[in-house]
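I opened the notebook again today and went through a handful of places in this fold. Here is what I looked up, entry by entry.

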Amino acid sequence: MPDDLSPPLLDRLSALLGPRGILTEAADLEPHLADWRLLYRGRTPCVLRPASTAELAEAVRLCAAAGMPLVPQGGNTSMVGGATPDEGGRQVVVSLARMNRIRDLDPLDMTMTAEAGLVLKAAQDAAAEAGCLFPLSLGAEGTATIGGVLSTNAGGNTTVRYGNARELMLGLEVVLPDGQVWNGLRRLRKDNTGYALRHLFVGAEGTLGFITAAVLRLFARPKESEVALCAVRDEDAALALFRRFRDRDETAVRAFEYMSGTGVGFYARLIEGGSVPLSTPADHYVLVDLASTRPDAGLRPLLEAVLEEALEAEEVLDAAIAESEAQRAAIWRIREEHPEAQKREGASVKNDVSVPVSRVPELIRRASEACRRLIPGVRPVPFGHLGDGNIHMNLQQPEGMDPAAFLARSHDIMDTVNEVVRDLDGSFSAEHGIGRLKTDMMEGWRGGPELAVMQRIKAAIDPQGIMNPGKVLP
């Protein structure tokens, strides 16, 4: 145990949090030391597990007085190492898993006040029980927590309709790096009273403080929905199909996802029970999800009419429309199991990038070709949120190549993809964040006044630099 975590400090933390609130045994620490992708593995003297904002605030005050670095952790599903401690052994992990209550749910006001440790799926279910919808949806929703998705400004599948996590948040409660508590849990839609401090903490990845609770926006539940899987001619046809639906009824589009034939093939071959409801494999697929709060929205005729137009234009080659909730879930499973299928296929390098929607086809083609030139035999597996311009430009190791040798080229691959992204006026980080993985890119992409302002904000709020050090900022 490092000298910095002195016995008196450990005793005070133990007395404050109780036996369930502090972990020091190696077996108990283990689940908190590595990220989901196993890119990083760190060390920590202990894991703090406060059960309330007051407990967390006092624990932060004690650690701040001792200069102990703190690493916030929710569901530990970060794709960029944003919630793991470093290898030095000084950084204290703070898990908010026990702070998981729903403090308030108002179906008339259409808001939910939830604590940071509440699992996203539990928030969705609670909203549904109240006859409402919390629309944030992503592959890790059974593990990711409210604090985590806000700290990373997560996007997910329905961003095209409802926006990112930031757009779904009205107010926050935050424990600051000195242990003070800022209560900004306001349910107001309009509140122009100075700087919007809440937006500083959303997307900051825990580098400015601990999000402990949030007021979340709820929506009316859809009364009608339709889901279809389409094989499309190419990337341009996928974008053309999106435009057809958008032009017909933009409000009906809940999700619009692109998938490559390679990724769908991995799913069909490697995931138990994986099947694709189309007769012939294709090189490009689109998942269309329409929804409306109107019971007479006529989504099925709309879906069929657009698909008929696209078939006649030879943009769509084949399509399967779900006829039941089970079939809708089966189609969505193809998309959601992409990360697991890639994991089973071998080593992959993930690029979470975004470009203007109109340039998505060019991104997929140019980045794929550039990576093939870089590493002959590499298998591009682009997929993701075509409707908002966020494509996960993932690259699978060439067949037969040593996984470690392939992963050693990770930064070369990311640089190659990012060169295309930059040329298309895009971003190297769309929804997964910066974490530890991409801090070296910040100077090149956000250098100058933008990065300088971020660094000044960090220094003003966290002058000791104890909040999630080594993340986001170089």
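Is G206 buried or exposed? I checked this one at the start, bearing in mind that the model is predicted. G206 is buried, and its relative accessible area is 6%.

**Entry: around G206**

I placed G206 in the loop that runs between α7 (198–201) and β10 (210–217). Setting aside neighbours within four places in sequence, I found G206 in contact with P72, S151, M467 and N468. I also looked at K471: G206 and K471 are 265 residues apart in sequence, yet their C-alpha atoms are 8.6 Å apart in space.

N468, one of the contacts of G206, deserved a look of its own. I found N468 in the segment after α17 (449–461). N468 is buried, with a relative accessible area of 1%. Its backbone caught my eye too, as phi of N468 is near 45°, a positive value in a residue other than glycine. I noted the background for myself: most residues other than glycine have a negative phi.

**Entry: another positive phi**

D425 also has a positive phi without being glycine, with a value near 65°. I located D425 in the loop between α15 and α16 (442–446). Is D425 buried or exposed? At 59% relative accessibility, D425 counts as exposed, whereas N468 is buried.

**Entry: helix α15**

While I was there, I looked at two residues of α15. E419 sits in this helix, which covers residues 410–423. E419 counts as exposed because its relative accessibility is 60%, and the cut-off for exposed is over 50%. I paired E419 with A370, 49 residues apart along the chain, and read 9.4 Å between their C-alpha atoms.

R422 is in α15 as well. R422 comes out as partly exposed, at 43% relative accessible area. Beyond neighbours within four places in sequence, R422 is in contact with G444 and W445. The C-alpha atoms of R422 and W445 are 8.6 Å apart, with the two positions 23 residues apart in sequence numbering.

**Entry: N157**

Next I went to the loop between α5 (146–151) and α6 (159–162), where N157 lies. N157 is buried, with a relative accessible area of 4%. Which side chain does N157 join through a polar contact of 2.6 Å? I found that it is the side chain of E336. Leaving out neighbours within four places in sequence, N157 is in contact with S137, L138, R254, A255, E257, W332, R335, E336 and H385.

**Entry: nonpolar cores**

I turned to the nonpolar cores with a general expectation in mind: in soluble globular proteins, nonpolar side chains tend to be buried together. The largest nonpolar core has 57 residues, and L241, F245, F256, V288 and L363 touch the most other members. I followed up F245, which touches E250, V253, F256, V288, L290, L302, L303, V306 and L307 when residues up to four places away in sequence are not counted. A second, separate core has 35 residues, among them A126, L138, V149 and L208. L138 was familiar to me already as a contact of N157.

**Entry: two helix pairs**

Two packed helices are described by the angle between their axes and the distance between the axes, so I noted both values for each pair.

For helix α1 (residues 7–17) and helix α3 (residues 53–65), the axes come within 10 Å and cross at roughly 175°. That makes α1 roughly antiparallel to α3. On the α1 side I listed L9, R12, L13, L16 and L17, which meet E55, E58, A59, R61, L62 and C63 in α3. The contact residues of this pair divide into seven nonpolar, no polar and four charged.

Helix α9 (residues 261–270) packs against helix α12 (residues 338–345) at an angle of about 75°, with the axes 9 Å apart. The two are therefore roughly perpendicular to each other. G263, V264, F266, Y267, R269 and L270 of α9 make the contact with H338, A341, Q342, R344 and E345 of α12. I sorted these residues into five nonpolar, three polar and three charged.

**Entry: P45**

My last stop was P45, in the loop between α2 (26–29) and β2 (47–48). P45 is buried, at 7% relative accessible area. P45 and V316 are 56 Å apart in space, C-alpha to C-alpha, and 271 residues apart in sequence.

Conventions. Residues are numbered from 1 along each chain as its sequence is written. This is a predicted model: local features need pLDDT of at least 70, side-chain atom pairs count only at pLDDT 80 or more; totals for chains, interfaces and linings use all residues. Side-chain values use heavy atoms; hydrogens and water are left out. Axes are lines fitted to C-alpha atoms, for helices over the stretch in contact, and angles run from 0 to 180 degrees between N-to-C directions. Helices (H or I, at least four residues) and strands (E, at least two) are DSSP runs, numbered from the N terminus. Angles under 35 degrees count as roughly parallel, over 145 as roughly antiparallel, 65 to 115 as roughly perpendicular and the rest as oblique. Contact means heavy atoms within 4.5 Å. Ala, Val, Leu, Ile, Met, Phe, Trp, Tyr, Cys and Pro count as nonpolar, Asp, Glu, Lys and Arg as charged, and the others, Gly among them, as polar. Buried means under 20% relative accessible area, exposed over 50%, partly exposed in between (1.4 Å probe, protein chains only). A polar contact is a pair of N or O atoms within 3.5 Å; within protein, one must be able to donate a hydrogen and the other to accept it, and residues adjacent in sequence count only if both atoms are side-chain atoms. A nonpolar core is a set of buried Ala, Val, Leu, Ile, Met, Phe, Trp, Tyr and Cys residues joined through side-chain atoms within 4.5 Å.
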